[in-house]
Amino acid sequence: MQFRQFQVARIFGIPVIIDYSWIPVALLHVWLLSQFWLPARIRPAWPIWLNLILGLAISGLFFGSVLAHELAHSLIARLEGIRIHDIQLHIFGGWARLVGEPRTAMAEFRVAIAGPASSFILSLLFAAGLVSIQLIGSRNLGAIGIIETCYYLMWANMLLAMFNLLPGLPLDGGRALRAILWHRRKDILSATRTAKRMGVGIAYMIISYGIFLIGFGLYRGTLWQDFMMAVWFFVIGVFLKNAAESDYRHREQQHAHEQEIRKNVEGWRVAGTVGSVMQSPVITVLPELKVSEFIDTVLAEHRLTHYPVARDGRLHGVLSLERLRRVPREDWERKVIEDVMEPISETYFISVRASIDHAERKLKSNPLGFLAVIDGDGFLVGALSAADIELAV
Ligand SMILES: [Zn+2]
């Protein structure tokens, strides 16, 4: 992944990453602005180099607006106790990558709506700028530059807000819709399914529009331009459709796994096996969580000696509090759980169906005195320490 991306800044401690796929889009944006948009709007015409400078400035502010949108999502997510891995700018815009997910429907709603809200506010600010400079009435070079900048960014931010509010996954509007349905139905899976269907519907509408454009281009005799636009709509539509479906699939797997554990846990309580003495369900920790966040959130609520480190039910390692204590305080912000956990090895896990004798032998030979318990498919289902066995006997 590293060679496809590079970090350009850190804002509020959040790394801002540029994906190489963003570069052609940024260049295309500058080119379209300075070659077509600005020459069509500015009378008397400006020399090309002046259009280029203004095009660059507007593009900078435009991508700054996209960044502000993602930053708004991120900062609200942080208020909800979710960590932000990074913000990426790529070919389809921006993406704030969160570590973990909002725990409640209200939290999800607030995080989803923060982005479009910030775009609306930016649109209003540029509109205010436009009105004020027009009231001053100056028509010198600088004034024209500011007018064009404000005009473009007022519309761009407005469109950004409106497009993102379309009510289908993976767009912000789809997340807000899911949050509302989740709140009403108390069922996140069914809410996600509806929001996914809406998202797929929107994606097909965008793709159909692309197909319509080709027909329209043939009719108008502007096939080449319309074909380029059609390809873009097509790509966006397919991207949205895949993202909506994978979001749902991910949620469905997670749900199925949780259901499965709940259903099976009674069946595993067979006397003499690990299943009869293990702790289940268990508190798990995400591998990419920062040590400082672990201390503030997980440790503050659940004081245990060991924590299985897992994502989507898959075991990555075991975190021992004793080992964590040896991490110097100045590293808490810098290190993540993955850096300080015991990476998973055969020593640290056992099957739910194994005998208690086997578990005791394993516990004695293992430096942590702790075992993660997995089911036949390798999913984490519980945890076991020597104390659990003593309590049970
Ligand atoms: Zn957004």
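Mentor: Before we start, keep in mind that two strands pair if DSSP finds at least two bridges between them, and that the model in front of us is predicted.

Trainee: Which residue stands opposite Val-99 in β4?

Mentor: Strand β4 covers residues 93–99 and pairs with β3 over 7 bridges in the antiparallel sense. A hairpin of 2 residues leads from β3 to β4. Within this pairing, the residue that stands opposite Val-99 is Arg-83.

Trainee: Do β2 and β3 run parallel or antiparallel?

Mentor: Strand β2, made of residues 14–19, is joined to β3 by 3 bridges. One facing pair to look for is Ile-17, which stands opposite Gln-88 in β3. The sense in which β2 and β3 run is parallel.

Trainee: How many Å separate the centres of domain 1 and domain 2?

Mentor: The domain assignment places domain 1 at 2–257 and domain 2 at 269–392. Taken over C-alpha atoms, the distance that separates the two centres is 41 Å.

Trainee: Which element gives the most to the side of domain 1 that touches domain 2?

Mentor: In the contact between the domains, 8 residues of domain 1 meet 9 residues of domain 2. On the side of domain 1, the elements that give two or more residues are β3 (83–90) and α7 (223–268). With 3 residues, the element that gives the most is α7.

Trainee: And how many residues of that side of domain 1, the one that touches domain 2, are polar?

Mentor: The residues on this side of domain 1 include 1 that is nonpolar and 1 that is charged. The number counted as polar is 6.

Note on methods:
Residues numbered from 1 in each chain as written. Predicted model: local features only at pLDDT ≥ 70, side-chain atom pairs only at ≥ 80, totals over all residues. Domains from an automatic or database assignment. Contact = placed C-beta atoms within 7 Å. Helix = DSSP H or I, 4+ residues; strand = E, 2+ residues; numbered from the N terminus. Nonpolar A, V, L, I, M, F, W, Y, C, P; charged D, E, K, R; others polar.
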